[in-house]
Amino acid sequence: MLRCCALIALLILVGLTTFQAHAERRVALVIGNSQYREIPTLKNPDKDAENVSRTFRLAGFEVFAAKDLTKLQFEERFRNYLAAADGADLAVVYYSGHGFQIGGENFLIPVDASLKDAADMEVQAIKVDDILRQLRSRSKVQMIILDACRNDPFPRKDYWLGDQLIVAGGSGLAQVTGSQNTLIAFATEPGAVAYDGSGDLSPFSSSFSRRALAPDQEIRSVMAAVRRDVVKATNGKQVPWENSSLIDDVVLMRGAEQPAPPPEAEQDQQTAERGIQVADAAEAIGRRDIQVPLGVGPVPLKLELPAKDASISLKLASYPAAGTLSLPDRVLSPQSSLTAPEVDKLRYEPQIGSVAPVEVGVDIRAGSAAKRSTMQLSPSVDPCDQAAGEPLDLQGVVSGRLPNEIGGGAVEACEAAVKSYPDIARFRYELGRALLASGRIDEARNVIQEAADKGHVRAVYELGYIAASGMSAAPDLTKANSLYAQASDKGDPYGMTALGRALFDGVGVQRDTGKGLDLLLQAAAMGHVDATKDLAVIFKEGRNGVPADPARALAFLRAGIDRQEAYSMAILGLSPKRSEKTVPVCKPKVVTKVVTKIKVVRTPAPKAPPPVTKIPAKRIPNGTGSASWRGNGGDHPEPRGGGSDSGSTDGDSTGSTETGSTGTGSTGSTDSGSTDTGSTGSTDSGGTDTGSTGGSDGIR
């Protein structure tokens, strides 16, 4: 019995040791918004962000740093950050800038926000709950730090939030309730105002940057020390506050590493020998340009020193501007040191969204001999990502292609990627997309199922679409909605949009207008142009108890225009920018049409009423003879029997079924265009080849 207990204890100890030997994945997004365009600028946020970025980098985080972000820039930067945070041990968001509460909801304000109309809050601001919801679905522990408790600087006080018109009131930010293992910190208590301070940094960020670097301090102790500092600096006017549901200890700065000290005394011969070793080591590391694939995890650099003498020590002299250096057992920071035997284990993980080469400087020392060496690391995008990556894939690494833009060679490129990286679920999903585009439905479904089983969220949505559309079996809306719900719960904007439509209209599921509307708003906040279009339709018409509001509809149309969504642009007679991506080889001849109204053509028949033939919406071949269903700014049209436009059969819609009728923009337009959102005359201005850019409605 004692032997058994001892064996169990040994196994537990080994397990704990193994767990601790793996480097933690810790990712931080740091934003400082100072240079506002419509409201007074702020003095400190850009400097606060720079200071806090440096703090997290020194603590070994991968840091996504940004200043003065517009709404669209925030969406792009946040998506890249979420891709990096997928599966992270700790995900942090730090924000300094304008922020305030409305109806108990907290909003962060991009630098281009004007908030002049009641609908602007939904399309121009960033909801803190949306940020937190995304972090919960991706990381083990979440932290949001807000140095943004400032007065509302906008003159307007009433805003639409979901199905309610809320009057703004009070100061500062509202309390946020987190889930398990979440910490939400505010520069001041809920409802109060934070101060910029008299120096270059706010009192809060100045104290946080200093206190967070104290070795081996748990985060709640750090925040308590910050609170004491800020209360003292502001004479009690500002009291930092946090809401914590942490069940694990969180330490930002581990104990400082101690480099191997060089011997104090050496013989001349030893000095000469070590000088040669240092020179050889510098030669082995320097003047190298190493290609590092993006989005496959930490990549071994395969550096080998000619000699691995324990007396040789290395210290990072310059850290890469983006991405993370690590060893198998720890993440390296700009102050890290490593020994000669560790060099061949050095790894680098590029930062998603950045493909610029970075440099790494290393100081090499042995005794009194020292030399600096520099190498270059060049991130590279896999051909599969280039050929079949998808827009708004929160586990993707590129801006992506719409399905009609997937050309020849994509299947081969993705088969090679799956073979090289069998554990990367993204490549299996992209292979499935390529197979779908080439018409190999059964093969595609099997590969997409494998990707979903390996944890790729967009693959779950894709399975839902396949079930709803009846590609290879009878349509199953119940199964589709169940899969959409799984993808939505993981934060996927495509899943949110599909489930939101189904709930809002009660298609294949019991109607829940409020939840459906909320999901569409969440997807629109993530930049999904289908959701912005659907919301514009809902608010223009007024449906399912949601009142018609032309101004609100126009706000979402403008949001679609900002994202080059062809349907929204056609309504206002605009034309999307031409896509620079490769389109399918089988491209039809472009035909420009001017359509003023849908016509009904009657064909006489003996002894029978003349049948009615509607002008069909044009579809673009996908290279295999099957019709391309791509459109509406997203990946798929509505499946049979469902969709947010299910009731939109206004026969007087002025030419809207021909919106984007040339190029690939026509696909899916029978759903989106038939809603008469632009009312009479909308396509008189936009029907002349609007959307004829070779890309469908979601050109990014």
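Q73 lies in helix α3, which spans residues 71-85; helices here are DSSP runs of H or I with at least four residues, strands are DSSP runs of E with at least two, and both are numbered from the N terminus. Q73 is partly exposed, with a relative accessible area of 38%. Buried means under 20% relative accessible area, exposed means over 50%, and partly exposed lies in between, with a 1.4 Å probe and protein chains only. The C-alpha atom of Q73 is 9.0 Å from that of P110, although 37 residues separate the two along the chain.

The model is predicted, so local features need pLDDT of at least 70 and side-chain atom pairs count only at pLDDT 80 or more, while totals for chains, interfaces and linings use all residues. Residues are numbered from 1 along each chain as its sequence is written, and side-chain values use heavy atoms, with hydrogens and water left out.

Taken as a whole, the protein chain has 21 helices and 24 strands. Of its 700 residues, 56% are buried. Among contacts in the chain with a separation of 6 or more, 71% are between residues 24 or more positions apart; a contact means heavy atoms within 4.5 Å.

Strand β1 covers residues 26-32, and 7 of its 7 residues are buried, so β1 is largely enclosed by the rest of the structure. In a regular strand the side chains alternate between the two faces of the sheet. In β1, R26, A28, V30 and G32 point one way, while V27, L29 and I31 point the other way.

Which strands run parallel to β1? One is β3 (residues 90-96), joined to β1 by 7 bridges, and another is β2 (residues 62-67), joined to β1 by 6 bridges. Two strands count as paired if DSSP finds at least two bridges between them. L29 has a partner in each of these neighbours: V93 stands opposite L29 in β3, and F64 is its bridge partner in β2. Together with helix α2 (residues 45-58), β1 and β2 make a right-handed β-α-β unit. Right-handed here means that, with the strands pointing away from the viewer, the path from the first strand over the helix to the second runs clockwise.

Further along the chain, β4, β5 and β6 form an open antiparallel sheet of 3 strands in that order. Its edge strands are β4 (99-102) and β6 (126-127), each of which pairs on one side only. Between β4 and β5 (residues 105-108) there are 4 bridges, and G99 has L108 in β5 as its bridge partner.

Another open sheet has 5 strands in the order β12-β20-β19-β14-β17, with mixed pairing. Here the edges are β12 (289-293) and β17 (337-339). Within this sheet, β19 (residues 358-366) and β20 (residues 369-380) pair in the antiparallel sense over 9 bridges. V360 stands opposite M375 in β20.

How do helices α11 (residues 425-437) and α12 (residues 441-453) pack? Their axes are 8 Å apart, at an angle of about 165 degrees. Axes are lines fitted to C-alpha atoms, for helices over the stretch in contact, and angles run from 0 to 180 degrees between N-to-C directions. That makes α11 roughly antiparallel to α12, a term for angles over 145 degrees. The residues in contact include L431 and L435 of α11 and V447 and I448 of α12.

Definitions and conventions: Parallel < 35°, antiparallel > 145°, perpendicular 65-115°, else oblique.
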